[in-house]
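Open the model in your viewer and keep the selection tool at hand. The stops below follow one another, and each tells you what to select and what is there.

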Amino acid sequence: MHDFVAKEIKNIYSSYDGWKCTSRPTGNRYDSIMVLERRNGGHHECIKVFVTFERSVPSPLPEDLTTAERNRDGMPTRFTCAVMVPANADTSSVPPEILVCTMRSFAFEGKELTWVKKPVRKTESTLAKVPA
């Protein structure tokens, strides 16, 4: 599950743009915090993304998510945080200043978490014709 989410995060924050991604586990075995860092224009940028697979986002967000990373070289740090949840999850407990991202790979259908697959594209030319 985390591999699919890591791919989605890396599609948004590409290593081509200088982002380095590390993962930190939280107390829950399914939740994790992805830390993205890069240097851009003389500034150190840090984004922490809390990834959860719960139906609703936990009300007190992990303290590690909202604390800024210390910069080793004294350069100014631009810090933001975000939450990534499956589609159709309840995000009402997330403060408005925190960005909410939805996963493309997982969604809630009713009360169940389901894996969303890419649609299969079949055309007339690729279907085998059965002799009559």
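Select Lys20 in β1 and Glu37 in β2: these two residues are bridge partners. The model you are looking at is predicted. Now add Thr22 to the selection, whose bridge partner in β2 is Val35. Continue to Pro25, which stands opposite Ser32 in β2.

Next, colour the two strands whole. β1 covers residues 20-25, and β2 covers residues 32-40. They run antiparallel and are joined by 6 bridges. What links β1 to β2 along the chain? The link is a hairpin of 6 residues. As background, strands of a sheet pair through backbone hydrogen bonds, in either a parallel or an antiparallel way.

Keep Ser32 selected and look to its other partner. In β3, Ser32 has Val51 as its bridge partner. β3 spans residues 43-51, and its pairing with β2 is antiparallel, over 9 bridges. Go to the turn of this hairpin, where 2 residues lie between the strands. Select Gly41 there: its phi is positive, near 60 degrees.

Now show the whole sheet. In what order do the strands lie? The order is β1-β2-β3-β4-β5-β6, in an open sheet of 6 strands with mixed pairing. At the edges are β1 and β6 (112-115), each of which pairs on one side only. Turn the view to look across the strands: on average, neighbours in this sheet are turned by 35 degrees against each other, direction ignored. While you look along any one strand, remember that in a regular strand the side chains alternate between the two faces of the sheet.

Select helix α1, residues 2-12. Which strands does α1 touch? It packs on the sheet and touches β1, β2, β3, β4 (77-87), β5 and β6. The direction of α1 makes about 140 degrees with that of β5.

Move to β5, residues 99-109. β5 and β6 run antiparallel, with 4 bridges between them. One pair to pick out is Ala107 with its bridge partner Thr114 in β6. The two strands form a hairpin with 2 residues between them. Select Gly110 in the turn, where phi is positive at about 75 degrees.

Return to β1 and show the side chain of Arg24. Together with the side chain of Asp64, Arg24 makes a salt bridge, at 3.6 Å from N to O. This pair links distant parts of the chain, since Asp64 is in helix α2 (residues 63-66) and Arg24 is in strand β1, 40 residues apart. In general, side chains of opposite charge can pair when their charged atoms come close. The count of salt bridges in the model comes to 4.

The tour ends with the pockets. The largest pocket holds about 360 Å³ of space. Select Phe4, Glu8, Arg104, Ser105 and Lys118, which lie nearest its centre among the 14 lining residues. Elements giving two or more residues to this lining are α1 and β5. Which of the elements gives the largest share? That is α1, with 5 residues. Sorted by class, the lining has 6 nonpolar, 3 polar and 5 charged residues.

For the last stop, select Glu37, Arg39, His44, Glu69, Arg70, Asn71, Arg72 and Asp73, which line the second largest pocket. The space in the second largest pocket is about 160 Å³. Its lining has no nonpolar residues, 2 polar ones and 6 charged ones. Glu37 is a residue you have already met, as the bridge partner of Lys20.

Key
Residues numbered from 1 in each chain as written. Predicted model: local features only at pLDDT ≥ 70, side-chain atom pairs only at ≥ 80, totals over all residues. Heavy atoms only, no water. 1 Å grid on protein atoms, 1.4 Å probe; cavity = no way out; pocket = protein on both sides within 12 Å on 5 of 7 lines; lining within 4 Å. Points joined across faces, edges and corners; volume = space filled by probe spheres on them. Nonpolar A, V, L, I, M, F, W, Y, C, P; charged D, E, K, R; others polar. Pairing = 2+ DSSP bridges. Axes fitted to C-alpha atoms, helices over the stretch in contact; angles between N-to-C directions. Contact = heavy atoms within 4.5 Å.
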